[in-house]
Amino acid sequence: MWNLRDDVQGPLRFRSGGIIILSLLIGSIALVACGERAGPASTADSAAASAAEDVAGRFTLRLGEGFRFRDGVVVRGEAEQPDIVFKFVPRAVGGLSTRYNPISQQVEAGFEPTLTASMPLLLAPHISAFDEEPDVARTTTGDIAAFPHQAPITTTSRYVLLMNAAGDQYLLALEVLDAPEDRFDEWRIGFTYVPVRLPLGGVGGRINALLPGKLVFRDWYRTKMIVSVDLTTGEEVPLADGILPSALGDRMLGYGDATGAYVVRDASGRVLHTTRFNEQVLGPILSPDGTRLVASAYRPGPDQIIGGTRLPGPPVLATVVFDLSGRELIAVPNYDDASWTPDDKLIATGALYGPGLFEIDPATAAVRAIAADLDNPSSPAVSPDGRTIAFIIGGKVWLIDRDGRNLRQLLPDGFLQQRPAFSPDGTKVAFIVCNTMAYDATGEVFVIDLATQELTPLRTRMGSTLVPDPSTRLSWIR
């Protein structure tokens, strides 16, 4: 049973009727009262003083009420879009139940505890309660994204960390709790709160380095939109409803739209060109000056003589350069998967499943072998200084100097790797690491520092991983 208590230090006032162990399930509600990554203990007086210095606001709720942080309004009902709601867990008699044990990874039979008094409960998209003030500098976006949607409050719960549906994060300090048993009209809970910004990172305290620039790609699992993710703040902005994005910094964006056209627009969203091809064009990429596209397309192969008769040969893949009206400027057969260099050349692989990495001059169609014997490379990407090429062989990222020297593997460990892209300053490479299914549609984006070999998983501000669709090349822009 909870004991009546009015002697808690600081501004808290508790009135309730019981206390229970919160490590088991009550019905379908997982009751977890405190996190394991809490920061150093602080006294109630010092916590109150700290809160008084940084208070962004305070609110008090009755049962069934919610609070909306953006305008500081107490509301009722889901239609009002509250960020946090005050409810309760009713008394319950224990009994035999089954539950999943994450440690043994098995479904086990156990006994639910008897809940002798109704328990205050807070609901939010992601929320957890703590006995001691959590260290927000060591709690990541991945941690808070993994929080459940409910936080039971006990006599020791002093702090609440939550994230709303928009990804905004808040640290709450409990100020008032009045919860007399069976007198629900008198229940009240009150907090002071401050907005916080958690470091970007994975679950378990893996904090991402703050990286420069933005990553542009088509999201695969969540929005299905072409998005730009700020790698310093984790802010995700939808850019267009399309596929195959190609970005030239913030100046221009090219992509395929739902009608099959290739659209090129400026930073304001104004459409500059709409290109309609009369053939299948694979993976178009804007040139550095924004006036042309390079893509792979099929062109007639060499004639064949069969029984003394000259016949057209089967089509072969070619690297083709178009202007933005869709007019072909040049085609170089038997080369594929090309990307631009900063000095307006092309780096291409051999034709589909063919060997070699090559440099093509789009003005003359002259071809120079960089490494003609490389076994089936793909997805070449060129560093901003034009000196280094990243590409894929055997499901791993490799690097080679543009003169064909210094071949080396970027990251020997890990699962299948795909689609490398250099950072704007050339010091890092982003690429996709696939999960245990070894299928690149299931992969997420990581970044490796070329000098330190530090590997960083990327996250949005809401803690979500970055999972591009299988056809997306990554564009890392300033």
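## A tyrosine on the surface

Tyrosine 298 is found in strand β26, which spans residues 292-306. Helices (H or I, at least four residues) and strands (E, at least two) are DSSP runs, numbered from the N terminus. The relative accessible area of tyrosine 298 is 39%, so this residue is partly exposed. Here, buried means under 20% relative accessible area, exposed means over 50%, and partly exposed is in between (1.4 Å probe, protein chains only).

Tyr298 joins Leu282, Leu352 and Tyr353 in making a nonpolar surface patch of about 440 Å². Patches are made of residues with over 30% relative accessible area and no salt bridge; like charges are joined within 9 Å, and nonpolar side chains (Val, Leu, Ile, Met, Phe, Trp, Tyr) within 5 Å. The areas come from the Shrake-Rupley method with a 1.4 Å probe, and for residues only the protein chains shown count as cover.

## About the model

This is a predicted model, in which local features need pLDDT of at least 70 and side-chain atom pairs count only at pLDDT 80 or more, while totals for chains, interfaces and linings use all residues. Residues are numbered from 1 along each chain as its sequence is written, and side-chain values use heavy atoms, with hydrogens and water left out.

## Salt bridges

Let's turn to the charged pairs. Searching the whole structure gives 25 salt bridges, each being a side-chain nitrogen of Lys or Arg within 4 Å of a carboxyl oxygen of Asp or Glu. One of them pairs arginine 58 with glutamate 175, with 2.9 Å between the closest N and O atoms. This pair links distant parts of the chain, as arginine 58 is in strand β4 (residues 57-62) and glutamate 175 is in strand β14 (residues 169-178), 117 residues apart. Glutamate 175 has a relative accessible area of 18% and is therefore buried.

Another salt bridge brings together the side chains of glutamate 235 and arginine 461, at 3.0 Å from N to O. Glutamate 235 lies in the loop between β19 (226-230) and β20 (236-240), and arginine 461 in the loop between β40 (455-457) and β41 (475-477), so the pair ties together parts 226 residues apart in sequence. Glutamate 235 counts as partly exposed at 31% relative accessibility, whereas arginine 461 is buried at 10%.

In a further salt bridge, the closest N and O atoms of lysine 428 and aspartate 449 are 3.7 Å apart. Lysine 428 lies in strand β38 (residues 428-433) and aspartate 449 in strand β39 (residues 444-449), so this pair ties together parts that are 21 residues apart in sequence. Both lysine 428 and aspartate 449 are buried. Elsewhere, Asp343, Glu359, Arg368 and Arg402 are joined into one network by salt bridges that share partners.

## Aromatic pairs

Next come the rings. The structure holds 16 aromatic pairs; rings of Phe, Tyr and Trp (its six-membered ring) pair if their centres lie within 6.5 Å, and planes under 30 degrees apart count as stacked, over 60 as edge-to-face and the rest as tilted. Phenylalanine 59 and phenylalanine 69 form an edge-to-face pair, 6.1 Å centre to centre with 80° between the planes. Phenylalanine 59 lies in strand β4 and phenylalanine 69 in the loop between β5 (65-68) and β6 (73-76), so the pair ties together parts ten residues apart in sequence. Phenylalanine 59 is buried at 4% relative accessibility, and phenylalanine 69 is buried at 7%. Ring pairs link these two with Phe67, Tyr170, Phe191 and Tyr193 into a cluster.

The rings of phenylalanine 88 and phenylalanine 184 have their centres 4.6 Å apart and their planes at 25°, so that pair is stacked. Phenylalanine 88 is in strand β7 (residues 84-89) and phenylalanine 184 in the loop between β14 and β15 (188-196), which places the linked parts 96 residues apart. Phenylalanine 88 counts as partly exposed at 31% relative accessibility, and phenylalanine 184 is partly exposed at 27%.

## Side chains reaching the backbone

Two polar residues round off the tour. Aspartate 143, in helix α2 (residues 141-145), is buried at 1% relative accessibility. The aspartate 143 side chain reaches the backbone nitrogen of threonine 140 at 2.9 Å.

Serine 157 sits in the loop between β12 (150-152) and β13 (159-163) and is buried, with a relative accessible area of 2%. The serine 157 side chain reaches the backbone nitrogen of threonine 154 at 3.0 Å.

How values were computed. Polar contact = N/O pair within 3.5 Å; in protein donor to acceptor, adjacent residues only side chain to side chain.
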